[in-house]
Structure formats: structure tokens, C-alpha cells
Amino acid sequence: MGKLLYGTHQRELEIEDRLLAHLKIVILTKLRRTECFAFSWENDAADGSGRGTIWLSPHIPLEFDFYGGRPPRINRAWLQALTSTAERGELHAVPEMEDSDPTANHAQTRL
């Protein structure tokens, strides 16, 4: 379980490493373009359910902290689906779908 640390108070959002790796690519790509956008999530029942949203901007500190030592293989189809939610104004997790090219090594996907 990785963490996204947000803002000067470093609010912690626990996110599974594989999803976090994909979110990192989408988030950093948009921030590099100086695009601001919302990121929303649903809380686990153990955390009281509900949902949350943060505003992401290039001017707000952000850190990605992964539990695992090796980066996961990047699923381009899932990356595109996540990017599509961000382009509609609010990035949020969607279920991982089958990669269109499962034999390709996408671990080094560039921003």
C-alpha cells in the first residue's frame, strides 16, 4: 500500500502501489502542463466510507511514496482510462482493464 502525500500538512491517502503508479503518471503529466484538476476517491468502509476530493495544482506540494521496491508494469489501456477521467475534470480510479499489448514492457513509460 503506497501513499500520496498532499499539501504542506502532508495529508496521507493510502493507495495500492499499482494504482498509485498509474495515477502518478496521469497526475504528473497534467501538472507538468500546468493544468489544475480535482482528484476524488471513495473511502474504505473501515475508514467510515464516504468520499473525498482534493484540488491538484502545480503550486501544491505532492509526494508519491511506494511500499514496493520495483515499479509495476504500466498498463497503457488503464492509463488511458484514468487520463480520460482527468480530462473530463475529475481524476478518479477506474477498474483496471486488459492491456491492448500485454507483451510490451511499459515499465519505463515516460511522462
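**Salt bridges, helix α1 and the nonpolar core**

E96 forms a salt bridge with R18 (a side-chain nitrogen of Lys or Arg within 4 Å of a carboxyl oxygen of Asp or Glu), the closest N and O atoms being 2.6 Å apart. This pair links distant parts of the chain, since E96 lies in the segment after β6 (90–92) and R18 in helix α1, 78 residues apart. The model is predicted, so that local features need pLDDT of at least 70 and side-chain atom pairs count only at pLDDT 80 or more, while totals for chains, interfaces and linings use all residues. Residues are numbered from 1 along each chain as its sequence is written, and side-chain values use heavy atoms, with hydrogens and water left out.

The structure holds 4 salt bridges in total. K30 pairs with E35, with the closest N and O atoms 2.4 Å apart, and K30, E35 and E87 are linked in a network of salt bridges. At 5% relative accessibility K30 counts as buried (under 20% relative accessible area; exposed is over 50% and partly exposed in between, with a 1.4 Å probe and protein chains only), whereas E35, at 26%, counts as partly exposed.

Helix α1 (residues 17–32; helices are DSSP runs of H or I, at least four residues, and strands runs of E, at least two, numbered from the N terminus) has 12 of its 16 residues buried, so it is largely enclosed by the rest of the structure. The largest nonpolar core (buried Ala, Val, Leu, Ile, Met, Phe, Trp, Tyr and Cys residues joined through side-chain atoms within 4.5 Å) has 25 residues, of which L4, I27, F39 and L91 touch the most other members. The largest share of this core, 8 residues, comes from α1.
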